[in-house]
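Thanks for coming, everyone. I have one structure to walk through today. Let's put it on the screen.

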Amino acid sequence: MSDALPPPIHLDKVMSGLSENPALPPALVRRFFAYRRGFGNVAKRPDLTDDMVADIIAVDDHWLMRSLALNHSLPYAFRMTLTGHPDPAIRAAIVVGAHDAPRELFERLLGDADPRVRQCLAENGHVPADLRAQLAADPDPKVRASLAQWWMQAPEPIRRLLLTDPDDSVRAGACATYYRQLPQPVPPTDLLPALLTDPVTRAGAVRHCTLDADTARWLAGDPDENVREELAKHPDLPPPLRETLAEDPSPLVALHVFARQDTPESTRAAIHSRILSEVPPKNWPLDHKVQDDDALEGQFMNEIARLELRTLHLPWVTADPLPYVDSPYVCFRASAAMSDCLPAPAVARLLDDEESSVRTTMALHVRHRIDPVTAERIDRSYRPEKKTRWRPADDLPLPAHVLQRLATDPEPRMRQLAPRDPDLPVELVRRLASDPDHTVRRAIATHPQLPTHDLKQLLADPSETVATAAASNPNLPTAHMHWLLARSGL
């Protein structure tokens with residue numbers, strides 16, 4: 001067999017894909033326990049028997065053990081065994097993987113000597129509340145700070161402890177502008193004066209305070225731009241200070257003035273023009289070595305402001321969308337597209353907007369009314385603001401006849417969609433398997449209609465992502481699985 005088959009170029013990646021292949025026979029699963037070049041992904045398989053788990057524990061390889069600890073299908077008895085493992089990384093992984101573990105497991109790890117384990121407990125919403133509350137008195141401030149950031153619905157006595165903690169990082173986590181989960185907690189009213197006075201909690205406290213004129217002026221002069229950002233969003237901001245913050249040195253502060261409903265249109269237009277005009281020099285940030293730190297930080301802030309300017313969601317625009325369907329600002333039109341009360345002509349206009357984000361937002365909001373022609377157009381012209389794997393076709397599925405036509409589309413990005421048809425004709429499947437674009441070959445590598453010969457060829461693909469995907473195809477012949485294991489010395 002070895003003489004007739006091309007050898008894999010990326011054998012380690014192929015083995016990684018094979019270890020997760022759902023059709024891998026039990027005997028071959030066991031042979032992976034001796035494999036040391038990967039990250040032990042075979043131990044994450046949901047079909048591991050008790051004997052297999054016991055063998056993995058006996059091998060005690062770090063990566064195998066870590067993957068096993070993260071396996072959501074791991075039986076409770078084995079989880080309890082791993083709580084006594086000498087490696088704290090394994091014990092921490094047990095906490096991360098424990099979604100439905102009984103109380104006993106969390107009790108055993110609550111007093112773990114390693115703070116990383118207790119930190120994982122603080123972040124885990126499955127820990128019983130009375131046990132989790134004990135972490136508010138943990139001796140390590142990192143554990144308490146994690147608890148403050150992750151436990152949004154902690155009982156008020158616990159929130160008070162965290163908000164008044166002697167460590168700055170804990171108080172900052174308990175009264176922040178960003179939390180790991182929603183909804184954001186509201187601090188007790190009687191603590192607000194102290195939280196505003198404290199520099200590390202001031203920014204997080206601004207949105208919750210009653211804003212009088214003196215307090216507003218004081219906050220407007222704060223050297224921390226995060227404080228001024230929060231002030232710029234406060235509903236009771238006095239108009240004179242709103243105009244002052246519109247010219248703030250930080251573009252992010254000015255951005256929040258831009259987003260206010262009560263901002264005069266002339267001020268809004270000036271902020272919009274300013275943010276768009278502050279373009280970084282050519283080759284930025286590659287040329288940052290010749291700049292000082294302040295200049296580099298300023299350019300980063302400008303880049304963030306430009307991105308946020310396009311992605312802002314304005315609830316007050318969504319509530320009254322019609323005046324903003326033709327707004328010159330992308331975020332206004334996208335916010336209007338989120339409304340449930342748009343008439344058909346406005347919907348049609350936004351579906352044909354010049355900006356991809358507006359078209360996509362409108363299509364997702366009325367997805368039940370999107371025909372295949374529009375769905376294809378929206379996906380074809382999709383240009384994400386940020387790097388993402390998601391695309392409109394994930395939520396606006398295309399019918400089989402469209403997917404089959406796309407198999408010969410000039411754009412690789414559109415050909416990637418064709419494998420979503422499970423009944424794609426074999427001649428099209430084979431054509432895609434030899435596509436010049438590796439992303440298309442990656443998409444077809446796991447297709448159920450892929451002929452065995454073509455599947456074997458993809459195992460030797462120059463692209464490691466294609467080879468990995470091909471190895472995970474359940475239709476890979478068992479004999480070829482044996483051959484791959486032999487080539488890896490297993």
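What volume does the largest cavity have? About 90 Å³. Keep in mind that this is a predicted model. The structure holds one cavity of 30 Å³ or more.

Now the walls of that space. The lining of the largest cavity takes in Met 15, Ser 16 and Ser 19. Phe 32 and Tyr 35 line it too. Then comes a run from the same list: Gly 38, Phe 39, Gly 40, Asn 41 and Val 42. By type, the lining splits into five nonpolar residues and five polar ones. No charged residue is part of it. As for how such spaces are found: a probe the size of a water molecule, rolled over the atoms, shows where empty space is left.

Next, the overall picture. The protein has 490 residues, and 49% of them count as buried. Its secondary structure comes to 32 helices and zero strands. Along the principal axes, the C-alpha trace spans about 80 × 60 × 50 Å. The accessible surface is about 23,600 Å². Carbon and sulfur atoms account for 55% of that surface. On contacts: take those with a separation of 6 or more. Residues 24 or more positions apart make up 50% of them.

Let me pick out one helix, H6. It covers residues 88–97. How many of its 10 residues are buried? Eight of them are, so H6 is largely enclosed by the rest of the structure. The buried set begins with Pro 88, Ile 90 and Arg 91. Ala 92, Ala 93, Ile 94 and Val 95 are buried as well, and so is Gly 97. And what do the buried residues of H6 pack against? Four helices are named here: H4 (62–70), H5 (76–82), H7 (103–110) and H8 (115–123).

H4 also gives us a way into the backbone details. Asp 60 is found in the loop between helix H3 (50–59) and H4. Its phi is near 60°. That is a positive value in a residue other than glycine. Is Asp 60 buried, partly exposed or exposed? Its relative accessibility is 41%, so Asp 60 counts as partly exposed.

Second backbone point: a cis peptide bond. Which residues does it join? Leu 182 and Pro 183, with omega at about 5°. Pro 183 is found in the loop between helix H12 (168–174) and helix H13 (192–197).

Another proline, this time in a helix. Pro 157 lies in H11, residues 156–163. Pro 157 is exposed, because its relative accessible area is 55% and the cut-off for exposed is over 50%. Compare its position with Pro 102. The two are 55 residues apart in sequence. In space, C-alpha to C-alpha, they are 25 Å apart.

Last topic, the cysteines. How many disulfides does the count come to? Zero. The cut-off is a pair of cysteine sulfur atoms within 2.5 Å. Take Cys 209: the nearest cysteine sulfur belongs to Cys 175 and is 10 Å away. So Cys 209 is in no disulfide under that cut-off. Cys 209 is buried, with a relative accessible area of 7%. Now Cys 341: the nearest cysteine sulfur is that of Cys 331, 18 Å away. Cys 341 is in no disulfide either.

That's my tour. Over to you for questions.

Definitions and conventions:
Residues are numbered from 1 along each chain as its sequence is written. This is a predicted model: local features need pLDDT of at least 70, side-chain atom pairs count only at pLDDT 80 or more; totals for chains, interfaces and linings use all residues. Side-chain values use heavy atoms; hydrogens and water are left out. On a 1 Å grid over the protein atoms alone, a cavity is a set of points where a 1.4 Å probe fits but cannot get out, and a pocket is an open set with protein on both sides within 12 Å along at least five of seven lines; lining residues have an atom within 4 Å of a point. Grid points are joined across faces, edges and corners, and a volume is the space filled by probe spheres set on the points. Ala, Val, Leu, Ile, Met, Phe, Trp, Tyr, Cys and Pro count as nonpolar, Asp, Glu, Lys and Arg as charged, and the others, Gly among them, as polar. Buried means under 20% relative accessible area, exposed over 50%, partly exposed in between (1.4 Å probe, protein chains only). Helices (H or I, at least four residues) and strands (E, at least two) are DSSP runs, numbered from the N terminus. Contact means heavy atoms within 4.5 Å. Accessible areas come from the Shrake-Rupley method with a 1.4 Å probe; for residues, only the protein chains shown count as cover.
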